[in-house]
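Reader: Could you take one helix of this model and go through it closely? I would like to see how its residues are placed and what lies around them.

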Amino acid sequence: KLGIPTVIDRVIQQAISQQLQPLFEPIFSDGSYGYRPGRSAQQAIRKVKAYVMQGYGHAVEIDLSKYFDTLNHELLLNLLRKQIQDKRVINLIKKYLKSGVMENGVRQATEEGSPQGGPLSPLLANIYLNEFDQEMESRGVRVIRYADDIVVLAKSKRAAMRLLESSRTYLEQKLKLQ
């Protein structure tokens with residue numbers, strides 16, 4: 001769902017994003033490319049090719065169903081609280097998350113998800129999926145992610161199938177995604 005903020009809300013969201021980006025950028029995984037300064041889809045593709053040249057010839061593509069619409073607010077807010085001490089900032093982000101979207105001229109409440117269209121949504125999406133990136137990185141798994149498009153690489157079909165299952169389990173159970 002698109003949630004197009006008012007001009008004032010866009011300015012405030014952009015200001016929040018500009019202040020938070022430097023806090024979170026250093027903790028983001030090297031395999032994350034979407035919505036990040038100085039990174040592109042082409043770089044992500046080149047990284048996948050480099051891994052293939054290193055013998056990681058089996059890929060698992062993970063397609064998250066309605067990713068932006070299904071982000072768990074409480075999980076996201078808890079991740080934000082780890083880095084942001086100012087409760088006012090957390091409360092403001094919470095208000096944006098809960099502000100709702102318009103469908104056919106009618107406001108629909110949002111109890112989960114991050115409406116696409118605001119300047120803050122891409123950063124929040126990366127913060128949320130960084131948990132998956134860090135978990136896989138700690139296991140030594142080769143993961144390339146561009147926003148919610150994820151490629152997990154392995155050296156054998158058997159390893160790829162195991163990684164598919166462990167990725168699915170982590171995403172569904174820990175991050176409440178499908």
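Author: Contact here means heavy atoms within 4.5 Å. The model is predicted, and the part to look at is helix α5, residues 87-98. Helix α5 has 12 residues and reaches 16 Å from its first C-alpha to its last, close to the 16 Å expected at 1.5 Å a residue.

Next come the side chains. Four residues of α5 are named as buried: I90, I93, Y96 and L97. Seen down the axis of α5, the buried residues fall within an arc of 120 degrees, so they line one face of the helix. The spacing along a helix matters here. An α-helix has 3.6 residues a turn, so residues three or four places apart point the same way.

The buried residues of α5 pack against three other helices: α1 (7-24), α4 (73-83) and α6 (121-138). On the other side of α5, K87, R88 and K95 are exposed. To count as buried, a residue must have under 20% relative accessible area, while exposed means over 50%.

What follows α5? The helix is followed by G100, whose phi is positive, near 90 degrees.

To put the two sides together: I90, I93, Y96 and L97 are buried, and the buried residues of α5 pack against α1, α4 and α6, whereas K87, R88 and K95 are exposed on the other side.

Technical notes: Residues are numbered from 1 along each chain as its sequence is written. This is a predicted model: local features need pLDDT of at least 70, side-chain atom pairs count only at pLDDT 80 or more; totals for chains, interfaces and linings use all residues. Side-chain values use heavy atoms; hydrogens and water are left out. The expected span of a helix is 1.5 Å times one less than its number of residues. Buried means under 20% relative accessible area, exposed over 50%, partly exposed in between (1.4 Å probe, protein chains only). The arc is that of the directions from the helix axis to the C-beta atoms.
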